[in-house]
Amino acid sequence: MVSSITDLITGIVGNFFTFVQLMDATVRMAIPLLLACLAGLFSERAGIFDIGLEGKMLAAAFLSAAISFTTGSVWIGLLAGIGASMLLSLIHGVASITFRGNQLISGVAINFLAAGLTVVIAQGWFGQGGRTPSLTGAQRMPEVDLPGAFTRIREMRDASPGMQFYSEFISGHTVLVYVGLLCVPLSWWVLYRTRFGLRLRAVGENPAAVDTAGISVVRLRFAAIVICGVLCGIAGAYLSTAVQAGFTKDMTANRGFIALAALIFAKWRPWHALGACLLFGLFFAIDNRFQNIQLSAFWVIVFLVAASALMMNYARKNERIDVLVLGGISAIFVTIAVSVWISQIGDGVGAIGALWETVKLPTQLIQSLPYILTVVAVAGFVGKAIPPRAGGEPYVKER
Amino acid sequence: MTFTKTLAGAASVLALSATATLADPALIFDLGGKFDKSFNESAYNGAVRWAEETGGSFDEVELQSDAQREQALRRFADAGNSPIVMAGFAFANALSEVAPDYPDTEFVIIDMVVDAPNVRSVVFNEHEGSYLVGMMAAMASETGTVSFVGGMDIPLIRRFACGYAQGVQAVNADATVIANMTGTTPSAWNDPVKGSELTLAQIGQGSDVVFAAAGGTGLGVLQAAADEGILSIGVDANQNYLHPGQVLTSMLKRVDNAVYEAMAADDLQMGFNVMGIGNGGVGYALDEFNADLVTAEMQAAVDAAAASITAGELAVHDYMSDETCPALEF
């Protein structure tokens, strides 16, 4: 049974270890998205839209790397990163809860503030052009090596499939990966199984009712904002001290916005958020891993045509905008499929023989895959996403 | 209205004539950033060396986006700076627009050729330097598989990859060379996360020496290689010190010399200027950080190859001459 599964996987990606590495990279790319997504989930469930996730992550990434470098301890760095993120969160809270400002504008301001300040402060502090010096040793997040696991990729390559899976996928991640994954059940439990969670969700749906029950809307919303700050802080610290060894300008690379897309995709639910973030992580892992895929033309055409057919079938049952978006993408897919076929005909190869020629997928297609799939996923397959009803509106107490 | 215009015009003429006498050189960095520990930093070091030796001063600007190229050039030209040195192939379009408008200003462009009477174009024979480090990679490799991570997918970077692959195959004809590019947009110069992901994938395919020609992205490549215990090769500036004992060598591209010469020359030669192995433009780095990694045998073989390239006995195929590579398929 196990061997037939590994055989199947081997048939698809060429080699089992490649598959394990792909899964490993998926988790690695998904964790910052996941943490930011959960951060947004708490905030938006309480009725505070937060497009400042990106800025908070960036500020946390910078300060955790900087403090980690100066103190030599990554844990102090992590705390500093969380502090930076919470500070920005509180600014957002004061602007949008206390002073009832526009939540979107305040979020945008936080993004600008973080993008500019991190580089300026880093330049003034370290004089290395807006980056922190490289972190080494205890300045970086340690990896958890479970007993018996190999730590080097070169050793794993020759190990048995089970050992590869254990060493690469289960073991060898940094602490924050496990923390991030644990945050999912924890968030679910807090939101759906505690009194605090119930009130938090209520405040995002109908703050007036919560207020009538004698519970402070402002205090609940601030609590949500603080949780959001902590999670964003961990996400930022993960980027600069675990994935990378140091802060570089704009290193979050729009992950905060992708996390927001994942949040909509997950319809503001923790377990679905995990699924959505892993999916986005997989897209990016594919982009990074498979720059040169060689397939027979037949499979390329089958894949493209099947994808178009599926999309059209789905779009038919939906609104006009879905038909337009998905129909357009389907048309592009079919055009590519036909042109692949035509390009292989010739040189003594007939129309049927051309199907079995090996084609190399262009790098550009692979690189655009995450974005194409994002559009397909968000525009087409998400169904109707209904945000918390009181989201985006400041609560004004009736007098 | 007309009066204020005249006033403004007169004021700007005054301002121009006041600053034109200064004629400080200026240096414009590309999007990788001034301190990328690579290409741009090398250019900066050349300018600093000139400033320290002569006591002169230079103006500089770091670009934030592609749109600023022409603006930065015109600003320095209007302010009377000369020569204006720009580090990067991407300035070619902007410069060919700007250069004819300022016939008295001297421009120096590195890595690209712009045909104008007041432009000095400096290009490097990167394929020759890459050939040398490719030989070293093949000799240091135990698995017979080595790899390359490029920044943005442009002919210039393919030239690095192609020279590298030729060097590898000159030593070990059966060796496998894996080559990946980070992206197709300028952000590919500054994406260390993706650089390290690509490196991990290459190690998974068996590579045990990786050559990064990717600006700031290369920092992630070198980091991943050091974390996984394989050797890496730096680029442009000497990057051996970044991970002592784990960087095999660095492919030196003496951008600093090019900048220094441009700023120091009294009578700057305009036109086409090639820096290769022969005139110290490219080479490999040997210092205390990689002394234990480079064997005497390696050094002898590479020095012999360098000598025969200089003498013209050994020709390394240049990808940019015909956009093909005999040793590597892109």
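Helices and strands are taken here as DSSP runs, of at least four residues for a helix and at least two for a strand. Counted that way, chain B of this predicted model holds 11 helices and 12 strands. Its radius of gyration comes out at 21 Å, close to the 20 Å that the globule rule gives for 330 residues, so chain B is as compact as a globular protein of that length. Along the principal axes, the C-alpha atoms fill a box of roughly 75 × 40 × 40 Å. Of the 330 residues in chain B, 57% are buried. Contacts also reach across the sequence: among those between residues at least 6 apart, 68% join residues at least 24 apart.

Next comes a sheet in chain B. Six strands make up this open, mixed sheet, lined up in the order S7-S6-S8-S9-S10-S12. Strands S7 (176–183) and S12 (282–284) of chain B sit at the edges with a single partner strand each, so one side of each has no neighbour in the sheet. From one strand to the next, the twist averages 15 degrees.

At the S7 edge, S7(B) pairs with strand S6 (residues 145–152) of chain B in the parallel sense, over 7 bridges. One of the bridge partnerships links B:Ser147 to B:Ile178 in S7(B). Helix H6 (residues 155–171) of chain B packs on the sheet as well, touching S6, S7 and S8 of chain B, and its direction makes about 170 degrees with that of S6(B).

Another helix, H5 (residues 126–140) of chain B, lies across S6, S8 (209–213), S9 (231–236), S10 (247–253) and S12 of chain B. Helix H5(B) runs at about 170 degrees to S10(B).

Conventions: Residues are numbered from 1 along each chain as its sequence is written. Chains are lettered from A and ligands numbered from 1 in the order in which they are written. This is a predicted model: local features need pLDDT of at least 70, side-chain atom pairs count only at pLDDT 80 or more; totals for chains, interfaces and linings use all residues. The radius of gyration is taken over C-alpha atoms; the globule rule is 2.2 Å times the number of residues to the power 0.38. A residue is buried if 20 or more other C-beta atoms lie within 10 Å of its own, exposed if 12 or fewer, and partly exposed in between; C-beta atoms are placed from the backbone. Two residues are in contact if their C-beta atoms, placed from the backbone, lie within 7 Å. Two strands pair if DSSP finds at least two bridges between them. Axes are lines fitted to C-alpha atoms, for helices over the stretch in contact, and angles run from 0 to 180 degrees between N-to-C directions.
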